[in-house]
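Student: I'm new to this one. Could you take me through a single part of it up close, and tell me how far I can trust what I see?

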Amino acid sequence: SSSGRGSSQSFIPSLCRSQNNLGRSMMRSLLLATCLAAASAFVPPSAVPVGGAQSAVTMQQRPKVPQKAKPLSPGSNYPSTKNIQKQASGFGSFLQRFQKTEGKSKYGMPIFLPNGNINPKYLAAERAEMAANQKLNMKAEAAKTKKMKAKGTFFLDDYIRKKVGNVGSNKEYYQSGR
């Protein structure tokens, strides 16, 4: 009976050892597969292009960018306008042009007085320019609105009527009080 007991005790550790070795070999194979996959991902592409030597020459040519390229078109570096604060309609925030503090400003007067204070005439000229710019903005926006109303694209119901069709009753029906 002592030999039976010893054999069953030796069987369990050997089973654990074989499962442990199986787990290790699986881990090794998994690690090897991962390393091979990572290495194949960083293999440089072939030196010869698919289209032959001629396509390699055309790939190096830069696209010709027109003078007024659309933003983010091929080859353009997001072309900007003279004043990035203004929209195409002319409406926008006042952005002051960069000026040096010494010498005359764009208004024909120095920015600072000899004692170091800001020139009040310069401030008045700046405010006048800002007011003129604001009037121009309001005029441009009014013209844009008038043009949209004439075309029938200003109101939401105009848009819905054009895209969806006649939906529900019109303005006269609601204003009649029926």
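Tutor: Let's go through helix H4, with a few words on confidence before it and a few neighbours after it.

This is a predicted model, where local features need pLDDT of at least 70 and side-chain atom pairs count only at pLDDT 80 or more, while totals for chains, interfaces and linings use all residues. Residues are numbered from 1 along each chain as its sequence is written, and side-chain values use heavy atoms, with hydrogens and water left out.

The score pLDDT is the predictor's confidence in each residue, from 0 to 100. Over the chain it averages 74, and 60% of the residues score at least 70. Helix H2 (residues 53-60) has the lowest confidence, at a mean of 54, whereas helix H3 (residues 120-151) has the highest, at 91. Where pLDDT is low, the predicted coordinates should not be read in detail.

Now for the helix itself. Helices here are DSSP runs (H or I, at least four residues; strands are E, at least two), numbered from the N terminus. Helix H4 covers residues 156-163, and Leu156 belongs to it. Leu156 is exposed, at 61% relative accessible area; exposed means over 50%, buried under 20%, and partly exposed in between (1.4 Å probe, protein chains only). Together with Tyr159, Ile160 and Val164, Leu156 makes up a nonpolar surface patch of about 420 Å² accessible area. Such patches are made of residues with over 30% relative accessible area and no salt bridge, with nonpolar side chains (Val, Leu, Ile, Met, Phe, Trp, Tyr) joined within 5 Å and like charges within 9 Å. The areas come from the Shrake-Rupley method with a 1.4 Å probe, and for residues only the protein chains shown count as cover.

H4 has charged partners too. A salt bridge is a side-chain nitrogen of Lys or Arg within 4 Å of a carboxyl oxygen of Asp or Glu, and the structure holds 3 of them. Asp157 and Arg161 form one, with their closest N and O atoms 3.8 Å apart. They sit 4 residues apart in helix H4, so about one helical turn separates them. Arg161 also meets Asp158, at 3.2 Å from N to O; here the spacing in helix H4 is 3 residues, again about one helical turn. That links Asp157, Asp158 and Arg161 in a network of salt bridges. Asp158 is buried, at 16% relative accessibility, while Asp157 is partly exposed at 39% and Arg161 is partly exposed at 44%.

Next, look at two aromatic residues, Phe154 and Phe155. The structure holds 2 aromatic pairs. In this one the ring centres are 5.1 Å apart and the planes stand at 85°, so the pair is edge-to-face. Rings of Phe, Tyr and Trp (its six-membered ring) pair if their centres lie within 6.5 Å; planes under 30 degrees apart count as stacked, over 60 as edge-to-face and the rest as tilted. Phe154 is partly exposed at 35% relative accessibility, and Phe155 is partly exposed at 45%.

One more salt bridge for contrast: Glu129 pairs with Lys106, with the closest N and O atoms 3.3 Å apart. Glu129 lies in helix H3 and Lys106 in the loop between H2 and H3, so this pair ties together parts 23 residues apart in sequence. Glu129 is partly exposed, at 27% relative accessibility, and so is Lys106, at 30% relative accessible area.
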